[in-house]
Structures are given as structure tokens and as C-alpha cells.
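Here is a short briefing to read alongside the model. Have the sequence and the coordinates open, and let's walk through them together.

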Amino acid sequence: MDPKHIEELRQTYMQHPPEGMTTKDIKFMSDDDLLDMDYFLHEEDDLDDEIGEEGFYLF
């Protein structure tokens, strides 16, 4: 992953930390942990898009 992208993510999450975390937690988080956190925080965003495109229906 691009170090510039990781630093942008870190700055974004330091300005607005997720619930239950502090700016200090984000500051000292490893790059891998930061990327994992970002993935899991946005995981459902991808699922919503997939369902809409697939045309999922309940009968």
C-alpha cells in the first residue's frame, strides 16, 4: 500500500477517531492495523453496493 495513502488515513482517523478509540490509539497503531480497521469500518459499504447491483430479492 502507498505510504502516502496510509498517512492520509491516519490523519483522517486522528481527526475523527472511531467510537471507542482515541487520537493516541490511532497515532501509535501499526500501518497494518490501521488498514485492517479501515477495511472493517467500510466492509458493509461494499456489501450494499453488491446487493443493489446483483438484484437480490426475497420471495
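In this predicted model, Arg 10 has a relative accessible area of 7%, so Arg 10 counts as buried, the cut-off being under 20%. Arg 10 belongs to helix 1. Its neighbour in that helix, Thr 12, is partly exposed instead, at 43% relative accessibility.

**Around Arg 10**
- Leaving aside residues up to four places away in sequence, Arg 10 touches Ile 26, Lys 27, Met 29, Ser 30, Asp 31 and Leu 34.
- Which residue in this list also appears in a distance given for Thr 12? Ile 26 is in the list, and its C-alpha atom is separated from that of Thr 12 by 9.8 Å.
- Thr 12 and Ile 26 are 14 residues apart along the chain.

**Around Thr 12**
- Helix 1, where you will find Thr 12, covers residues 3-15.
- The Thr 12 side chain reaches the backbone oxygen of Glu 8 at a distance of 2.9 Å.
- Thr 12 counts as partly exposed because its relative accessibility of 43% falls between the 20% and 50% limits.

**The protein as a whole**
- There are three helices and zero strands, and the order from the N terminus on is α-α-α.
- The protein has 59 residues, and 20% of them count as buried; Arg 10 is one of the buried residues.
- If we take contacts between residues at least 6 apart in sequence, 38% join residues at least 24 apart.
- The accessible surface comes to about 5100 Å², and carbon and sulfur atoms account for 52% of that surface.

Terms used: Residues numbered from 1 in each chain as written. Predicted model: local features only at pLDDT ≥ 70, side-chain atom pairs only at ≥ 80, totals over all residues. Heavy atoms only, no water. Helix = DSSP H or I, 4+ residues; strand = E, 2+ residues; numbered from the N terminus. Buried < 20%, exposed > 50% of the residue type's maximum accessible area, 1.4 Å probe, protein only. Polar contact = N/O pair within 3.5 Å; in protein donor to acceptor, adjacent residues only side chain to side chain. Contact = heavy atoms within 4.5 Å. Areas by Shrake-Rupley, 256 points an atom, 1.4 Å probe, with all protein chains shown as cover.
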